[in-house]
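Subject: Structure for you to look at

Dear colleague,

Here is the structure I said I would pass on. My notes on it follow below.

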Amino acid sequence: MDFKICLCLASVEAFAISALSSSHEILSYLPSSQAPLFLGLVGLQWMLFKFYRIFIYPAFFSPLRHIPGPKNNQFFIGQLVHLYKASTPIELYMKWSSTWPESPFIRYPMLANKEILLINTVEAHKQILQTKCYDFVKPKFLGRLLGEIVGTGLLFAEGHEHKRQRKMILNVFSVPNMKKLLPVFREKADEMVSFMERKLKENPSGNIEVQSIYTKATLDAIGVAALGIELENLRSEELKMDFLQCYFRMLSQSPLSALISFIHVNVPIRKFIPLEANRGFVRASGGVRTMLDRCIEERIREVKSTDREKAGGPESRDLLTYMIEERQTHNDELSIADIRGHLQNFLSAGHETTSGALTWASYVLATRPDIQDKLRDEVIQSMGTVGVPTYADIENLRYMKNFLQEVARVYSPAPATWREADKDIVICGQFLPKGTQLVLSPPVTNLSTQIWGADALEFKPERWDALAGDANTPYGTETFGNGPRICIGKSYSLLAFKVMMIELIRNFRFSRSPGLVELGDNYPPVQNPAVTWRPKGGMTVHLERIAWS
């Protein structure tokens, strides 16, 4: 917009100067040729506009200037370096939220003093996520932050298109379809237990890095649920498709790769960086897209040329087969790119959410034997040591449900997501101009002492039996979002977690590894910058196989 204004003003000024140059001596010294004059005026005005936007407008004219926020801003780059150097992705958000707990928003500048608002109260979250949900869109830079990993698909669809796509896919995540996935989850849970037993035989110390194992298990499960194929990460080192390495490369970045990604969010530089730290990420992202395109092409041929039983069968229809059949029913309304985008959303977010929850749950079990004992007692009393749980059995595990909800509250898989005002709008009495960017950080809500009390940072599964106030509303937690854009795969992730946790808790006893002993009561270090809440170097715990008599 600024550049268009500069062009218009320069055109008028160039015309005026040309018309007046013969009668005003001072103007006769300007270039007589129209092109240099015009370009010079455009450049001068563009620099003046940028100076105004960067230094004058935020400080003296912005309608957001009275919103509270940090004062230790660095020249031109605001909080950019502070956020990068923070010990966790949410450290500064939590600090600001506790400093101004009653303010709906907290304002902080980023590169070129761009104003960003942190959403800070339950009411502000409710208006942005529910009441006025479609007045906010995903900002373009989010495509550089998340699009390379999770694709586009439903995550980046807006307005009517989002409603249409969500309605089409929602049936896949219905309770009847989730029940059909139980055998898949049980099979992958059994394979995970067998894999961990092999690791224990290879490592007599019993200290096992579990995050990588959970990633394999959840990718295997989602390979069947989303793609209808066996990835066999737990069965063999020879992978049928190399999704595991690709996602490991994108989600467990080296410090240099993470720095490049952090800068790329603010300044699109990825295609100009020849370093291997950057090229490896690009290859991994492209590799996922290529493998998915191959899956889509093969499934389209299967659906067209074989009967339903061979293409997956009506009782085990995966997300890919479902979307291809919907595409044929609606005359190719769903493009190949759309299908790939939805698969990327589900494949990346689905496996990472569940594996992350299992990872942090293992940390809790290893450091809180009291919680571990309660959880195991409930499981054994309800279904024994080897029983096959039904969907109803799983849903009746009250302490398991509380435990899972507390894991999701305290260890939210996504540190932050973003919205941008699609038009001028008023939220909680504050005017937000079109283009205002907002940060939604789930831990700001999940760990708020205003909502959860003085013990908000403590891990207490029993708190879910007696919720009160804002904690007893959907907006007391933002782990999966809320409103029309709530995470569509929430039910999948929760059920997969429960099934796998049942097998873990009745087959293994968790305790502190030497690394966790050394940490004591200190929190395990996490990756920053990062798009997910992951422990640095994985999570190593001590495991002991339980031998039931």
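Two strands count as paired if DSSP finds at least two bridges between them. Please keep in mind throughout that this is a predicted model.

**Strand β5 and its partners**

With that in hand, start at β5 (417–421). Strand β3, residues 136–137, pairs with β5 in the antiparallel sense over two bridges. Within that pairing, V137 has E420 of β5 as its bridge partner. β5 also pairs with β8, again antiparallel, here over four bridges. R419 stands opposite L438 in β8. Four of the five residues of β5 are buried, so the strand is largely enclosed by the rest of the structure.

Helix α4 (residues 91–99) has L92, Y93, M94, W96 and S97 as its buried residues. These pack against β5 and β8 (437–440), and also against α3 (80–85), β1 (105–109), β2 (115–119) and α20 (442–446).

**The three-stranded sheet**

Another sheet is open and has three strands in the order β4-β10-β9, with antiparallel pairing. Its edge strands are β4 (207–209) and β9 (508–511), each of which pairs on one side only. From one strand to the next the twist averages 45°. β4 pairs with β10 (residues 540–545) over three bridges, and E209 stands opposite T540 in β10. α16 packs on this sheet and touches β9 and β10, its direction making about 75° with that of β9. α22 also lies across β9 and β10, running at about 85° to β9.

**Helix α15**

How many of the 11 residues of α15 (residues 319–329) are buried? Nine are, so this helix is largely enclosed by the rest of the structure. The buried residues are L319, L320, T321, Y322, M323, I324, E325, E326 and R327. Among the elements that cover them are α8, α11 (211–227), α14 (276–305) and α16.

**Cavities**

There are three cavities of 30 Å³ or more. The largest cavity has a volume of about 980 Å³. It is lined by 41 residues, and L155, A349, T353, A414 and C487 are the closest to its centre. The elements that each supply at least two lining residues are α6 (141–150), α7 (153–156), α8 (159–170), α16 (336–367) and β5. Which of them gives the most to the lining? That is α16, with eight residues. By type, the lining of the largest cavity divides into 22 nonpolar, 13 polar and six charged residues.

The second largest cavity has a volume of about 100 Å³. Of its 13 lining residues, T353, A357, L404, A408 and F480 lie nearest the centre. α16, α19 (398–410) and α22 (490–507) give two or more residues each to this lining. The lining of the second largest cavity holds nine nonpolar residues, four polar and no charged.

**Where to look**

If you want one element to follow through the model, α16 recurs in these notes: it packs on the sheet, is among the elements covering the buried residues of α15, and gives eight residues to the lining of the largest cavity. T353 is also worth displaying, as one of the residues closest to the centre of the largest cavity and one of those nearest the centre of the second largest.

Regards

How values were computed: Residues numbered from 1 in each chain as written. Predicted model: local features only at pLDDT ≥ 70, side-chain atom pairs only at ≥ 80, totals over all residues. Heavy atoms only, no water. 1 Å grid on protein atoms, 1.4 Å probe; cavity = no way out; pocket = protein on both sides within 12 Å on 5 of 7 lines; lining within 4 Å. Points joined across faces, edges and corners; volume = space filled by probe spheres on them. Nonpolar A, V, L, I, M, F, W, Y, C, P; charged D, E, K, R; others polar. Buried < 20%, exposed > 50% of the residue type's maximum accessible area, 1.4 Å probe, protein only. Contact = heavy atoms within 4.5 Å. Axes fitted to C-alpha atoms, helices over the stretch in contact; angles between N-to-C directions.
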